[in-house]
Amino acid sequence: MWSWLTHESNAQRKFIELIFDRTGKYPNWDPPSEIPVGSYGFIDKVTGNFFPKGSIYSSEFQPLLRSVGIDPDSDKHHPEDCPEEAEFTTWSTNVKRLELNVESYAGVPGIATASIKGTWQVKKGTTGAVLLMNKPRIKHINQEALGKLSHIELLRSMHLVTKVFYCPAYSLYLSDKSGDNVSMALLASAPVVGPMVTVGATSEMKWWSDTQAGLSRNGCKTEHCFTPLYELRHPRYHRNRRATPSPERTGEQLWVASPPPWAPLDEDGQEVPVYTYARGYKF
């Protein structure tokens, strides 16, 4: 029995941990809720949600931009867009991707020509995570701006959203521990015949899956309105060095990834107890 059948936050944190360990980025458990580039704040330890405290593009932040040599009226610090990619797919290390046996699902219209399709095998006794995105576009803060922003004292105690993936179609899946396979596909102009519920079903693309267990979320629209993945960083701490200093860091090198603010989680999404031994006693 899953502990997160009654505590969804356990599932959310487990999904975040599994995808972060693989990508160094945070999955958004609620992709229809946008996480804008330039937001700064904290990850809630209990739920895994990102709580923004402000934005570097707000009028209140302009004096801080000027203090590090950024002109708020220019566009040099504004987010930049990367070229659209065909897809972005990732899964946790205990998951293996297999070729989908199209003949087994011949009754599913459009399965053979699905733009994204596959079967994912999760190691029995473990919890696996899969994240799929169609036609993602990355929006990010440029290197020059990141270098200057790293000197703002306020951001040293915050986490900054430096990169966000936008897409018109996404699918999130978190397995149980049964070790069952799950097949998923993004179909063009075909009805959903599996148990997964699609958000925004007015688009021409629809997700299909044969999963009977686990937790899943997915959505399809024509616009790049979903943000399933984002990068969260904080300024690198400076250390005094007596030895020969390393080459000077610039831009993104002045920032480090912000790890999840909880202890490692077990397969049920609960924190593993940390024991400290001192003088023969366990605390």
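The exercises below, each with a worked solution, concern a predicted model of one protein chain.

**Exercise 1.** Describe the chain as a whole, starting from its helices and strands and going on to its buried residues.

*Solution.* Begin with the secondary structure, where the chain has three helices and 19 strands. Next, turn to burial, for which a residue must have under 20% relative accessible area; of the 283 residues in the chain, 46% are buried. Finally, take the contacts between residues at least 6 apart in sequence, of which 71% join residues that are at least 24 apart.

**Exercise 2.** Which elements each supply at least two residues of the largest nonpolar core, and which residues have the most contacts inside this core?

*Solution.* The largest nonpolar core has 30 residues, and those with the most contacts inside it are F61, I141, L149, L160 and Y230. At least two residues of this core come from each of α1 (8-23), β2 (39-43), α3 (143-149), β10 (159-167) and β16 (226-235), and the largest share, four residues, is that of β10. As a last step, consider L149, which, leaving aside its neighbours within four places in sequence, is in contact with I56, F61, L65, I70, I141, L155, L160 and W255.

**Exercise 3.** What lines the second largest pocket, by class of residue?

*Solution.* The second largest pocket has a volume of about 160 Å³. Of its 16 lining residues, the closest to the centre are N28, I35, N49, F50 and Y230, while α1 and β3 (50-55) each supply at least two residues of the lining. Sorted by class, the lining has eight nonpolar, six polar and two charged residues.

Notes. Residues are numbered from 1 along each chain as its sequence is written. This is a predicted model: local features need pLDDT of at least 70, side-chain atom pairs count only at pLDDT 80 or more; totals for chains, interfaces and linings use all residues. Side-chain values use heavy atoms; hydrogens and water are left out. A nonpolar core is a set of buried Ala, Val, Leu, Ile, Met, Phe, Trp, Tyr and Cys residues joined through side-chain atoms within 4.5 Å. Buried means under 20% relative accessible area, exposed over 50%, partly exposed in between (1.4 Å probe, protein chains only). Contact means heavy atoms within 4.5 Å. On a 1 Å grid over the protein atoms alone, a cavity is a set of points where a 1.4 Å probe fits but cannot get out, and a pocket is an open set with protein on both sides within 12 Å along at least five of seven lines; lining residues have an atom within 4 Å of a point. Grid points are joined across faces, edges and corners, and a volume is the space filled by probe spheres set on the points. Ala, Val, Leu, Ile, Met, Phe, Trp, Tyr, Cys and Pro count as nonpolar, Asp, Glu, Lys and Arg as charged, and the others, Gly among them, as polar.
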